[in-house]
Amino acid sequence: MATTVRSHNTSVRDNPAYQAYLTLRTGFIVAPILFGLDKFTNLLTDWTTYLAPAIDRLVPGSASGAMLAVGVVEIVAGLVVAVRPKVGGYLVAAWLAGIITNLLLLGDHYDVALRDFGLLLAALALARLATTFRPPHDAEQL
């Protein structure tokens with residue numbers, strides 16, 4: 001059972017745990033959607049260079065087509081975080097685990113894999129915090 005500790009003089013918005021939840025939720029809405037959209041434009045990088053050959057052989061079509069599918073999944077993940085952060089947090093964590101596996105199979109970008117592991121932990125923290133703090137449309141009043 002989740003409990004929220006509040007003093008009589010402060011609102012939930014003043015709660016550092018709520019502020020952490022809101023920061024993580026905002027980040028995991030915005031970042032996946034932006035990264036997903038960039039799979040269609042390749043403005044940040046050529047995303048196909050991040051696809052491990054072993055994974056490329058598993059998926060049908062071209063590496064470019066695979067990255068478009070990745071973009072769709074990332075956009076959906078960001079939208080799920082927006083609507084259902086508890087579920088979305090676990091979805092993003094699972095997606096990041098897949099990205100980490102891909103990078104390790106690629107045998108390169110270990111720095112990115114380590115960064116993504118940190119993001120995976122943050123996504124798990126979001127999912128846990130979301131059990132206490134629900135989006136405004138789910139809660140009667142925060």
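**Entry 1: helices H3 and H4.** I began with the relation between H3 and H4, and I record the two helices as roughly antiparallel to each other. The model I am reading is a predicted one. For the pair I noted a packing angle of about 150 degrees, with the axes 6 Å apart. This angle lies over 145 degrees, the cut-off for the antiparallel class, and therefore the assignment holds. Helix H3 covers residues 63-83 and helix H4 covers residues 85-106. I then looked up the handedness, and H3 passes H4 in a left-handed crossing.

**Entry 2: salt bridges.** How many salt bridges does a search of the whole structure find? I noted 2. One joins the side chains of Lys39 and Glu74, at 2.9 Å from N to O. Lys39 belongs to helix H1 (residues 16-41) and Glu74 to helix H3, so this pair ties together parts that are 35 residues apart in sequence. I checked the accessibility of both partners. Lys39 is buried, at 6% relative accessible area, and Glu74 is buried as well, at 7%.

I next examined the salt bridge between the side chains of Asp116 and Arg115, with an N to O distance of 2.7 Å. Here I asked of each partner whether it is buried or partly exposed. Asp116 has 4% relative accessibility and counts as buried, whereas Arg115 has 48% and counts as partly exposed.

**Entry 3: Gly65 and Lys39.** I returned to H3 and located Gly65 in this helix. Its relative accessible area is 34%, so I list Gly65 as partly exposed. I looked up its separation from Lys39: the two are 26 residues apart in sequence, and their C-alpha atoms are 9.8 Å apart in space.

**Entry 4: Trp95 and Leu120.** I found Trp95 in helix H4. With 27% relative accessibility, Trp95 counts as partly exposed. Between Trp95 and Leu120 I recorded a C-alpha to C-alpha distance of 8.5 Å, across 25 residues of sequence.

**Entry 5: nonpolar surface patch.** Which residues form the nonpolar patch on the surface? I listed Tyr90, Leu114, Phe117, Leu121 and Leu124, which together have about 470 Å² of accessible area. I then asked which element supplies the largest share of the patch. Helix H5 (residues 110-129) does, with 4 residues. I looked more closely at Leu124, which is placed in H5. Leu124 has a relative accessible area of 31% and is partly exposed. Patch membership requires over 30%, so Leu124 meets that cut-off.

Definitions and conventions:
Residues numbered from 1 in each chain as written. Predicted model: local features only at pLDDT ≥ 70, side-chain atom pairs only at ≥ 80, totals over all residues. Heavy atoms only, no water. Patch = residues over 30% accessible without salt bridge, like charges linked within 9 Å, V, L, I, M, F, W, Y side chains within 5 Å. Areas by Shrake-Rupley, 256 points an atom, 1.4 Å probe, with all protein chains shown as cover. Salt bridge = Lys/Arg side-chain N within 4 Å of Asp/Glu carboxyl O. Buried < 20%, exposed > 50% of the residue type's maximum accessible area, 1.4 Å probe, protein only. Axes fitted to C-alpha atoms, helices over the stretch in contact; angles between N-to-C directions. Parallel < 35°, antiparallel > 145°, perpendicular 65-115°, else oblique. Left-handed = near helix turned anticlockwise from the far one by under 90°.
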